[in-house]
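Subject: Structure handover

Hello,

Here is the structure I said I would pass on. My notes on what was found in it follow below.

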Amino acid sequence: MAMPRIAKSFLLIIVVIGLLGGCSGVNKEDQEIIDRSESIAIKYLKETYDLDVTITERRMLPKMAMSRVTVYGYVTGNPEQNFTVSVNYETGKSERFSFSSELESFIESKGLNPFNQK
């Protein structure tokens, strides 16, 4: 007995949703890289500028392009003082730090140079 056309269509939709859902996840190895990179970024900001931060987003670039995770966030309690830190997960070092003008002013008010990165 053949499946009715509506049942075939429904089954096809379920399979497509399952495939798309399965492809959108991050594998365990990549998640560990992302978590480690976030920790490196937080440590960098604390040690270099004495900042306590809240992380809002983390993005891993495709491995074939670059070995980098970009971490986005802001100074805890001050969302207008936002930043991004790019971490090279192969070397374990922060490579790029960009920030809002509000964060620049805050860092300078602490007597630090926001452009003098370690």
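The aromatic rings come to a count of 5 pairs. One of them is formed by Tyr44 and Tyr49: the ring centres are 6.1 Å apart and the planes stand at 85°, so this pair is edge-to-face. Please keep in mind that the model is predicted.

Are Tyr44 and Tyr49 buried or exposed? Tyr44 has 9% relative accessibility and counts as buried. Tyr49 is at 1% and counts as buried too, because the cut-off for buried is under 20%. Both tyrosines belong to a cluster linked by ring pairs, which also takes in Phe97, Phe99 and Phe115.

Next, the strands. Strand β3 covers residues 78–88 and strand β4 covers residues 93–99; the two run antiparallel and are joined by 6 bridges. Within this pairing, Ser86 is placed opposite Arg96 of β4. The hairpin that β3 and β4 make has 4 residues between the strands, and Gly92 there has a positive phi near 75°. As background, side chains in a regular strand alternate between the two faces of the sheet.

Gly92 also comes up in the surroundings of Ile40, a residue of helix α2. Leaving aside residues up to four places away in sequence, Ile40 touches Val87, Gly92 and Ser94. Ile40 and Val71 are 31 residues apart along the chain, and their C-alpha atoms are separated by 9.8 Å.

Now the charged side chains. Side chains of opposite charge can pair when their charged atoms come close. How many salt bridges are there? The count is 10 salt bridges.

One of them joins Asp30 and Lys63, with 2.8 Å between the closest N and O atoms. Asp30 sits in helix α2 (residues 28–49), while Lys63 is in the loop between β1 (53–60) and β2 (68–75), so this salt bridge ties together parts that are 33 residues apart in sequence. The two partners can be described by their accessibility as well. Asp30 counts as buried at 17% relative accessibility, whereas Lys63, with a relative accessible area of 42%, is partly exposed.

Another salt bridge is formed by Lys110 and Asp50, whose closest N and O atoms are 4.0 Å apart. Lys110 belongs to the segment after α3 (101–109) and Asp50 to the loop between α2 and β1, so the pair ties together parts 60 residues apart in sequence. Lys110 is partly exposed, with a relative accessible area of 32%. Asp50 counts as partly exposed at 45% relative accessibility.

A further salt bridge brings together the side chains of Arg59 and Glu57, at 2.6 Å from N to O. Arg59 has a relative accessible area of 45% and is partly exposed. Glu57, with a relative accessible area of 33%, is partly exposed as well. Elsewhere, salt bridges with shared partners join Lys46, Asp50, Asp52 and Lys110 into one network.

If you want a place to begin, try the ring cluster that includes Tyr44 and Tyr49, then the hairpin of β3 and β4 with Gly92, and then the salt bridge from Asp30 to Lys63.

Regards

How values were computed:
Residues numbered from 1 in each chain as written. Predicted model: local features only at pLDDT ≥ 70, side-chain atom pairs only at ≥ 80, totals over all residues. Heavy atoms only, no water. Phe/Tyr/Trp six-rings, centres within 6.5 Å; stacked < 30°, edge-to-face > 60°. Buried < 20%, exposed > 50% of the residue type's maximum accessible area, 1.4 Å probe, protein only. Pairing = 2+ DSSP bridges. Contact = heavy atoms within 4.5 Å.
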